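Please walk through the fold of this protein chain, from its core outward to a single side-chain pair.

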Amino acid sequence: MQDLDIDVIALTELLVPRGHRVEMGMIDAPGIHYNLSGEGSISINGRPAIPLSPHLLIIVPPNTPFSIEVDGSNVPPKLISRDCWTRQDGILRVAVPNEHPEIVQICGFFNASFGQSVRLFAELREPVIEQFEPADRIDQKLREAMDELLQQEVGVGAMTASLLKQIIVSLVRRSLRSSRRWTERFSILADKQLTRAFADMVARPGATHSVQSLAHSAGLSRSAFMARFSEVFGRTPMAILRDLRMRQAAIDLATTTTSVDVVAQNAGYESRSSFARAFRKAYHQDPSDYRRMAKEGQARKDI
């Protein structure tokens, strides 16, 4: 799991009283929702409502609207207005003044990738729903993540990502024992033969990999490796390898002063021209322009 990367985009605290509803969503990232306490319902993308209970975890697909509500009487729940949305140090808090919340929920928007190439939830089409228990301490990890953001200490980004990573790992572990449809995206983690080959690609993206050498690393025939790899990833090994090489090149360009020729060699390209073509296709920029803009962006952050 050392190759699992988490990028935390935002955290939200939802406090929904009886007789109220909150509407959110349409962010280009998966959303994680953990119900700390209370009972109500969540409707995702207009689908039938899902009952909410304590310690229920839901992953909402990217760009998907959702609403959370708590019935209070025979009248429709009142929409919580944007006037009740407050933001502090990267945390959005949705709460109705002078109203006791029935639902207390922590939400976060994040990106999770395996090996810097396989985005675990990017292609999610239906929500992931898992009931955890207090002993799993998911609530404790989320509260610690929120505390980190509020304190704004050195390394807050790394600490917050680490805490959310622990939650995703708990979810992935469950997926390896589950027969539910959404777990198919994690099948790479359960396939030890594919994992060996993929880990080699991640660790040495610039090496002279071939389908034959990767199949040998996996201990499979070339045809069996191609079939199994394409089934799990939905793409060929060489297509995934190109992504890994471009990601490594982008990191080198943004964080080092190594010449573009050496960056190209480290990414497995013998000529600068072929590397530049591949990089433009991936990032829609020449490598030198990408480096310049990355340096200028960092300089603006340091001001």
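Two residues are in contact here when heavy atoms of each lie within 4.5 Å. By that criterion, and leaving out residues up to four places away in sequence, Ile-32 touches Leu-57, Ile-58, Ile-59, Ile-106, Cys-107, Gly-108, Phe-110, Leu-164, Ile-167 and Ile-168. The model is predicted.

Ile-32 belongs to the largest nonpolar core, a set of 33 residues. Together with Leu-57, Ile-59, Phe-110 and Phe-121, Ile-32 is among those that touch the most other members. Strands and helices both supply this core: β1 (4-17), β3 (31-37), β6 (56-60), β10 (91-95), β11 (101-114), α1 (138-151) and α2 (156-175) each give two or more residues. The largest share, eight residues, comes from α2. A second core, separate from this one, has 23 residues, including Val-60, Trp-85, Leu-92 and Val-94.

The wider setting is a protein chain with 10 helices and 13 strands. Of its 303 residues, 45% are buried. Among contacts with a separation of 6 or more, 71% are between residues 24 or more positions apart. The accessible surface of the chain is about 15900 Å², and carbon and sulfur atoms account for 48% of that area.

One helix can be followed residue by residue. Helix α7 covers residues 237-255, 19 residues in all. Its first and last C-alpha atoms are 27 Å apart, close to the 27 Å expected at 1.5 Å a residue. Which residues of α7 are buried? They are Pro-237, Ala-239, Ile-240, Leu-241, Leu-244, Arg-245, Met-246, Ala-249, Ala-250, Asp-252 and Leu-253. An α-helix has 3.6 residues a turn, so residues three or four places apart point the same way. The buried list for α7 includes Ile-240, Leu-244 and Leu-241 as well as the charged-type names Arg-245 and Asp-252.

The last stop is Gln-193, which sits in helix α4 (residues 192-203). Is Gln-193 buried or partly exposed? Gln-193 counts as partly exposed because its relative accessibility is 25%. Apart from neighbours within four places in sequence, Gln-193 is in contact with Ala-218, Gly-219, Leu-220 and Arg-228. Arg-228 is 35 residues from Gln-193 in sequence, and their C-alpha atoms are 9.9 Å apart in space. The two side chains make a polar contact at 2.8 Å.

Methods
Residues numbered from 1 in each chain as written. Predicted model: local features only at pLDDT ≥ 70, side-chain atom pairs only at ≥ 80, totals over all residues. Heavy atoms only, no water. Helix = DSSP H or I, 4+ residues; strand = E, 2+ residues; numbered from the N terminus. Expected span 1.5 Å × (residues − 1). Buried < 20%, exposed > 50% of the residue type's maximum accessible area, 1.4 Å probe, protein only. Core = buried A, V, L, I, M, F, W, Y, C linked by side-chain atoms within 4.5 Å. Areas by Shrake-Rupley, 256 points an atom, 1.4 Å probe, with all protein chains shown as cover. Polar contact = N/O pair within 3.5 Å; in protein donor to acceptor, adjacent residues only side chain to side chain.
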